[in-house]
Amino acid sequence: MTIDTAWPEVTGRLRVTMRDGGGHTIRTGRAGPAARGLARAAMRLDGPAVRDLLEMTVVSRGVMGAWDEVIMPVLIGIGERYEATRRFIEVEHLISRCVTEVLGSVPRPPSSRTPRVLLAAADEEQHTLPLEALAAALAESGVPSRLLGARVPPQALNDAVARTGPIAVVLWSQLPDTGDPVQWVRLLSSGHAPLLAGAAGPGWPAERLPEGVVRLGSLREAVHLLAMAVSPDTPDPAQAEEAHRRT
Ligand code: B12
């Protein structure tokens, strides 16, 4: 047993084993100081600081920049720490909650505009943050969306599609267990197939997705395709982001 001196604020209160091959740090790769600061605050379980840092990051970089350059590297780093140690699930929960709150507070287009994009997590899928980033990034580009959230059963998804007639549906699967292509087969044969069916997340088996389902590889790509699908006249989100950076 040793005391992790890299974390003076917990020294004396926390005894840490170092056998897991690393201390209480999250690797954030080439991501910059903003990601390192966020990772440190998350590891301290300092919720208010995590929120502040997330808010500042979204304001300064926009949702896409904040997700790609700061939030995603930290989440991936936390996942790696979990894999190596089977610990820090509390960190995962805290940062997830804060990310949800901050992305949810990004202003949405006026409620008078009907959403033509439906976002949902696959059956039994609890990971939703990328969809929340997508909803917020679409909102920044002026595109309203409906977000159903975690663990949407296939029948509920089909009912929602039948009732709202979206142009585009994005289903997120993080884990191979939740990426059953049958969900798509049922939706596409329901008589209410959307124009754009987007399979997002690493859980989908690329080679077994039915014809007509498009793989979405990144937040940027998803925002671009969805914005074009619902409104071909929408300004290119990449240009909107560049304009955001200049302000
Ligand atoms: C936050 C988190 C949670 C939160 C989710 C909260 C929420 N509201 O979403 C909670 C605590 C609930 C959770 C639970 C679990 N989790 Co979890 N979780 C994560 C974590 C840290 C981030 C998830 C995330 O948002 N990923 C999205 C981005 C950040 O990562 P990515 O998918 O790799 O990104 C790539 C692409 O998807 C794409 N991309 C990124 N963003 C976007 C956005 C869009 C729109 C598009 C199209 C593409 C795209 O670009 C990236 C590079 O290619 C990951 C670590 C990780 N690497 O993902 C673990 C991780 C996914 N979880 C894992 C596990 C094991 C679990 C649990 C089973 C146990 C646990 N750790 O608690 C449970 C069960 C969940 C279930 N049944 O659904 C494993 C999965 C391993 C596997 N492949 O099977 C991971 C990978 C951690 C790990 N390394 O072990 N988790």
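**Strand pairing and the nonpolar core**

In this predicted model, Ala-199 has Arg-215 of strand S5 as its bridge partner. The pairing to which strand S5 (residues 213-216) belongs joins it to strand S4 in the parallel sense, over 4 bridges. Strand S4 itself spans residues 196-200 and is mostly covered, with 4 of its 5 residues buried.

Strand S4 also pairs with strand S3 (residues 168-172), again in the parallel sense and over 5 bridges. Between these two strands the chain passes through helix H6 (residues 182-188), and the resulting β-α-β crossover from S3 to S4 is right-handed. Within the S3-S4 pairing, Gly-198 in S4 is the bridge partner of Val-170.

Val-170 also belongs to the largest nonpolar core, which comprises 68 residues. Together with Leu-38, Ala-42, Val-63, Val-74, Leu-134 and Leu-226, Val-170 touches the most other members of this core. Helix H2 (residues 47-85) supplies the largest share, 13 residues. The core is not confined to one domain: at least three residues are drawn from each of domain 1 (8-104) and domain 2 (117-246). In soluble globular proteins, nonpolar side chains tend to be buried together.

The surroundings of Leu-226 were examined further, with neighbours within four places in sequence left aside. On this basis, Leu-226 is in contact with Val-117, Leu-138, Val-143 and Ala-168. Of these contacts, Ala-168 lies in strand S3 (residues 168-172), the strand that leads through helix H6 to S4.

Definitions and conventions:
Residues numbered from 1 in each chain as written. Predicted model: local features only at pLDDT ≥ 70, side-chain atom pairs only at ≥ 80, totals over all residues. Buried ≥ 20, exposed ≤ 12 C-beta atoms within 10 Å, placed from the backbone. Pairing = 2+ DSSP bridges. Right-handed = clockwise from strand over helix to strand, strands pointing away. Core = buried A, V, L, I, M, F, W, Y, C linked by C-beta atoms within 7 Å. Domains from an automatic or database assignment. Contact = placed C-beta atoms within 7 Å.
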